[in-house]
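Reader: I am new to this one and would like to understand the labels people put on it. Could you show it to me and take my questions?

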Amino acid sequence: MCDGVFKELNTFTTSMHTLAARGDLCGLREALLEGDTVVNATDGPHAETALHAASRAPDSTGECCKVLLAAGADPGIRCARGSTCLHQAAHRLNACAIEATLQHRPGAAAQALVNVQDDSGRTAL
């Protein structure tokens with residue numbers, strides 16, 4: 001898995017990533033409303049998107065994931081180790097983030113996302 005959002009909060013250079021990693025829903029909405037952020041931008045040494053970070057955040061409701069997905073975040077983007085946000089959510093046992101991601105991509109698209117293998121050959125579920 002892509003390591004250490006909680007240990008490396010200070011390594012993110014964009015506010016979107018930091019807010020998502022913290023599970024800061026209000027801050028994330030505000031940043032998106034300001035419109036000067038790129039929702040699918042990668043950041044940090046692991047080339048993660050804000051959705052990767054939100055999938056591991058202590059946001060037990062998955063609301064940060066829902067907000068990012070609604071803003072156009074692509075759940076199929078892989079980090080430097082080949083994992084998607086679904087891999088991240090499953091690794092942290094974040095059922096709400098898993099549900100939010102799969103509901104965003106219903107049917108065959110959800111099935112395809114579930115079957116994506118990371119660089120170690122593991123699927124998310």
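Author: Gladly! Let's start with a word we will need: a residue is called buried when its relative accessible area is under 20%, and exposed when that area is over 50%. Please keep in mind that this is a predicted model.

Reader: Why is C64 called buried?

Author: The relative accessible area of C64 is 0%. The cut-off is under 20%, so C64 counts as buried.

Reader: How do you know that C64 has no bond to the closest cysteine sulfur?

Author: A disulfide needs two cysteine sulfur atoms within 2.5 Å. The closest cysteine sulfur to that of C64 belongs to C65, and it is 7.1 Å away, so the pair is too far apart for a bond.

Reader: And what about C65: which cysteine sulfur is nearest, and how far away is it?

Author: For C65 the nearest cysteine sulfur is that of C85, at 6.6 Å, and C65 is in no disulfide. By the 2.5 Å rule, the count of disulfides comes to zero.

Reader: Is C65 buried or exposed?

Author: C65 has a relative accessible area of 1%. Buried means under 20%, so C65 is buried.

Reader: Now to helix 2. Which of its residues are buried?

Author: Helix 2 spans residues 25-34, and its buried residues are G27, L28 and A31.

Reader: What makes you say that they line one face of the helix?

Author: Look down the axis of helix 2: the buried residues fall within an arc of 100°, so they line one face. What covers these buried residues includes helix 1 (15-22) and helix 4 (63-70). The face turned away from the buried side carries the exposed residues C26, E30 and L33. Just after helix 2 comes G35, with a positive phi of about 75°.

Reader: Which residue in the loop between helix 2 and helix 3 has been singled out?

Author: That is A47, in the loop before helix 3 (50-56). A47 has a positive phi of about 55° although it is not a glycine.

Reader: Why is A47 called partly exposed?

Author: Its relative accessibility is 27%. Partly exposed lies between the 20% and 50% cut-offs, so A47 gets that label.

Reader: What makes L93 exposed?

Author: L93 has a relative accessible area of 73%. Exposed means over 50%, so L93 qualifies. L93 sits in the loop between helix 5 (85-91) and helix 6 (95-104), and it has a positive phi of about 55° although it is not a glycine.

How values were computed
Residues numbered from 1 in each chain as written. Predicted model: local features only at pLDDT ≥ 70, side-chain atom pairs only at ≥ 80, totals over all residues. Heavy atoms only, no water. Buried < 20%, exposed > 50% of the residue type's maximum accessible area, 1.4 Å probe, protein only. Helix = DSSP H or I, 4+ residues; strand = E, 2+ residues; numbered from the N terminus. Arc of directions from axis to C-beta. Contact = heavy atoms within 4.5 Å.
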